[in-house]
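Could you walk me through this structure, one selection at a time? I have it open in my viewer and would like to know what to click on next.

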Amino acid sequence: MSIPFQRTAVTVRGAGAEAAALAGHLLRYPTGVPPEHQPRPCPARYAAAPAHHGPVLLLHGFIDNRAVFAPLRRTLGGHGWTHLHALNHSPLTRDVRAAAILLARHVEWASQAHGGAPVALIGHSLGGVIARYYVQRLGGDELVDTLVTLATPHEGTTAALLPTPFPITRQLRPNSPLMAELRLPAPGAVPTSPPSGASSTNWSCPARTPGCTTRT
């Protein structure tokens, strides 16, 4: 098999996988429109078993909903991660800061509902920016011990320079006031840098360990 043919075959397979994933998400999308009912306990089948971890909150990206996390929730559940809660934020949200304040309420509920356990956050795209703002600028590291961001534009994105009817996209521009604020150290913190080789869009670390911005 020639190298050009191999490359074409890989490209076709990749495109097919992407198309299948997109089709699956479009089918699941309506199921994620209604928010999860909160407060509510974890499923009864897990109530009697000791938790292997604290609660995990999943925050989706721009113009999406909690249905995008269905495959991830299924995988995590299969590995014993049982305290999973996915949040919806409105596509009409105008401000990352306001969304972070709303996230703070969900984090407080999750921690209280699980006996004061620290909370882990997983944010995709815009959800990662919102989660980072909460942890870094609003003191969220008091309740959050781990923040994972997936495909998050931590330095902004040039795609946000395109005209859109959504005001929140202007905050994702590389030189926006929000991005400038996120480049500042957290209030009362010792600024540190991401670990060597860490991606600027995908970064997972405990909120209070070296490599993250931690409070003194």
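Start by selecting D95. In this predicted model, D95 has a relative accessibility of 22%, so it counts as partly exposed. Now add R97 to the selection: the side chains of D95 and R97 meet in a salt bridge, with 3.2 Å from N to O. R97 is partly exposed too, at 26% relative accessibility.

Next, pick E181 and R137. These two form another salt bridge, and their closest N and O atoms are 3.5 Å apart. E181 belongs to helix 6 and R137 to helix 5, so this pair ties together parts that lie 44 residues apart in sequence. Are E181 and R137 buried or exposed? Both E181 and R137 are buried.

Move on to R183 and E155, whose side chains meet in a salt bridge at 4.0 Å, N to O. R183 sits in the loop between helix 6 and strand 5, while E155 sits in the loop between strand 4 and helix 6, so the pair links parts 28 residues apart in sequence. R183 has a relative accessible area of 45% and is partly exposed. E155, at 47% relative accessibility, also counts as partly exposed.

Now show D95, R97, R137 and E181 together: salt bridges that share partners join these residues into one network. The salt bridges of the structure come to 4.

**Stepping back to the whole chain**

Switch to a cartoon view and colour by secondary structure. You should find 6 helices and 7 strands. Starting at the N terminus, the elements follow the order α-α-β-α-β-α-β-α-β-α-β-β-β. The chain has 216 residues, and 40% of them count as buried. Among contacts with a separation of 6 or more, 75% join residues that are 24 or more positions apart. If you turn on the surface, about 11,900 Å² is exposed, with carbon and sulfur atoms supplying 64% of it.

**Along the strands**

Select strand 1, residues 56–59. What covers its two faces? In a regular strand, side chains alternate between the two faces of the sheet. Here V56 and L58 are on one side, L57 and L59 are on the other, and all of them are buried, which leaves both faces of strand 1 covered.

Add strand 2, residues 84–87, which runs parallel to strand 1 and is joined to it by 4 bridges. To see one of these pairings, look at L58, whose bridge partner in strand 2 is A86. Then trace the chain from strand 1 through helix 3 to strand 2: this β-α-β crossover is right-handed.

Pause on helix 3, residues 70–78, and select R74 within it. R74 is exposed, at 58% relative accessibility. Draw a distance from its C-alpha atom to that of L84, 10 residues away along the chain, and you should get 10.0 Å.

Strand 3, residues 119–124, is the next stop. Of its 6 residues, 5 are buried, so strand 3 is largely enclosed by the rest of the structure. Strand 3 pairs with strand 1 in the parallel sense over 4 bridges, and L57 stands opposite L121 in strand 3. Strand 3 also runs parallel to strand 4, with 6 bridges joining them. One pairing to click on is A120, whose bridge partner in strand 4 is T146. Together, strand 3, helix 5 and strand 4 make a right-handed β-α-β unit.

**Into the core**

Nonpolar side chains in soluble globular proteins tend to be buried together. For the largest nonpolar core here, which has 28 residues, select V96, L103, V107, L121, I130 and Y134, the members that touch the most others. Among the elements that give two or more residues to this core are strand 1, helix 4, strand 3 and helix 5. Helix 4 supplies the largest share, 8 residues.

Now centre the view on Y134. Apart from neighbours within four places in sequence, its contacts include A100, L103, A104, V107 and L121, along with G139, G140, L143 and V144.

For a last selection, pick V56, L84, A120 and V148. These belong to a second, separate core of 9 residues.

Definitions and conventions: Residues numbered from 1 in each chain as written. Predicted model: local features only at pLDDT ≥ 70, side-chain atom pairs only at ≥ 80, totals over all residues. Heavy atoms only, no water. Core = buried A, V, L, I, M, F, W, Y, C linked by side-chain atoms within 4.5 Å. Buried < 20%, exposed > 50% of the residue type's maximum accessible area, 1.4 Å probe, protein only. Contact = heavy atoms within 4.5 Å. Areas by Shrake-Rupley, 256 points an atom, 1.4 Å probe, with all protein chains shown as cover. Pairing = 2+ DSSP bridges. Right-handed = clockwise from strand over helix to strand, strands pointing away.
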